There are 2 protein chains.
Amino acid sequence: MSDSPPEPYDQFTAIILQIFRANGQMLSWGDRFAAPFNLTSARWQMLGALAGAPRALSAPQLAVTMGVTRQGAQKQLDLLLHEEMVEKLANPYHKRSPIYRLSAAGKVLYQRIEQEWNQHASQMRQTFSAEELTTALHVLNRIRELHLLPEERDAP
Amino acid sequence: MSDSPPEPYDQFTAIILQIFRANGQMLSWGDRFAAPFNLTSARWQMLGALAGAPRALSAPQLAVTMGVTRQGAQKQLDLLLHEEMVEKLANPYHKRSPIYRLSAAGKVLYQRIEQEWNQHASQMRQTFSAEELTTALHVLNRIRELHLLPEERDAP
DNA sequence: GCCATATTGACAACTAGTTTACAAGATGCC
DNA sequence: GGCATCTTGTAAACTAGTTGTCAATATGGC
């Protein structure tokens, strides 16, 4: 709405701008979606990282899998710890660095929101053809790879 | 890297996650790209909104075109004012609400970064077919429309 | 085993954005 | 013209993330 660009943007630039807009939209939508579960988009994402981990992980390990800094991951972990959705365990391999996993309550909560999300996702999926989804996924992934910072680039 | 999801995500969920990742990547990349111009991604975006406006606009008007709150837009305007990239003018139609436009220095700066971006964009564009770009753009736009919040939804 | 180097936790300051609140100005309706 | 309502500027508190710093702890080469 109100986006009549003065010069016609090239398609690549248009996609980048749409990524920014879609990101903002999905975060706002996600905050609403997660609110009845007493979650925000950020805490939901951390729950997902914990739920998807094959074993309890340290804060820096979780940060890497989520693509954020260890300090950022730690903040969300501390919030979830305080709400007892996550438990902190001694790390047998590292005295200073505890490992984290979902608590029983955290598992229940994540399953509930995950189930509701899956219902939504399967509705959304029907809006698109498989080819469209595959192409969009490829383009997004390629754009990300093409914009890795020098220090992130070793096995792109 | 290290993204072997335990359960195979459906393609729709995968796209949403890729949008988050691509967004973060483009913001980091954009901060690097804009740094030699003494800009950040956020101030660059505001320069773009000012450059694209048909006339000087008030802070709330700029906020609407950028999809942020008026307070958020005001913060970036204040920073750009302080660096004299933007000028504040009296609004003939509204005594309390000044209007903003690029200063001469701001125009020069924006042209410089815009030119360098266009060079980059035309390189990137060659990585994809026109069909891929069109499809990706369509999917992103449709995802955004499908996730408008109730109060944003009147003429989707 | 020692020591240089890398990781980690804790904390502070910062960017970018949001929500909430309030007072001052505009606007529209009657 | 007066008055209720909306818009705007300004400020503070908050979310979510970043960078930078420091001391403590691991780790690896020798």
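User: Which residues are the closest to DNA strand C, out of the ones that surround it?

Analyst: Keep in mind that this is a predicted model. In it, 20 residues surround DNA strand C. Both chains show up among the closest ones, which are A:Pro60, A:Ser97, B:Thr40, B:Gly72 and B:Lys95.

User: And which element gives the most to the surface near DNA strand C?

Analyst: The elements that give two or more residues there are α3 (59-66), α4 and β3 of chain A, plus α4 and β3 of chain B. By class, that surface splits into six nonpolar, nine polar and five charged residues. The top contributor, with four residues, is α4(B).

User: OK, over to DNA strand D. Which element supplies the largest share of the surface near it?

Analyst: Here 21 residues surround the strand, and the closest are A:Thr40, A:Thr69, A:Gly72, A:Lys95 and B:Ser97. At least two residues each come from α4 (70-82) and β3 (94-102) of chain A, and from α3, α4 (70-82) and β3 (94-102) of chain B. The largest share is four residues, and it belongs to α4(A).

User: How many polar residues does the surface near DNA strand D have?

Analyst: Go through it class by class: the surface near DNA strand D has six nonpolar and five charged residues. That leaves the polar class, and its count is ten.

User: Back to α4(B). Within what arc do its buried residues fall?

Analyst: The helix has 13 residues and reaches 18 Å from first to last C-alpha, close to the 18 Å expected at 1.5 Å a residue. Its buried residues are B:Ala73, B:Gln76, B:Leu77 and B:Leu80. Looking down the axis of α4(B), they line one face of the helix, because they fall within an arc of 105°.

User: What do those buried residues of α4(B) pack against?

Analyst: First, the other side of α4(B) has B:Gln71, B:Asp78 and B:His82, which are exposed. The buried residues, for their part, pack against elements of chain B: α2 (41-52), α3, β2 (86-91) and β3.

User: Which residue just after α4(B) takes a positive phi?

Analyst: Check the backbone just past the end of α4(B). The phi there is about 60°, and the residue is B:Glu84.

User: Last one, on the contact between the chains. Which element brings the largest share of the side of chain B that touches chain A?

Analyst: The contact takes 46 residues from chain B and 47 residues from chain A. On the chain B side, α1 (11-34), α3 (59-66), α5 (104-125) and α6 (130-146) each supply at least two residues. That side has 23 nonpolar, 16 polar and seven charged residues. The largest share, 18 residues, comes from α1(B).

Key: Residues are numbered from 1 along each chain as its sequence is written. Chains are lettered from A and ligands numbered from 1 in the order in which they are written. This is a predicted model: local features need pLDDT of at least 70, side-chain atom pairs count only at pLDDT 80 or more; totals for chains, interfaces and linings use all residues. Two residues are in contact if their C-beta atoms, placed from the backbone, lie within 7 Å. Ala, Val, Leu, Ile, Met, Phe, Trp, Tyr, Cys and Pro count as nonpolar, Asp, Glu, Lys and Arg as charged, and the others, Gly among them, as polar. A residue is near a molecule or strand if its C-beta atom, placed from the backbone, lies within 6 Å of it. The expected span of a helix is 1.5 Å times one less than its number of residues. A residue is buried if 20 or more other C-beta atoms lie within 10 Å of its own, exposed if 12 or fewer, and partly exposed in between; C-beta atoms are placed from the backbone. The arc is that of the directions from the helix axis to the C-beta atoms.
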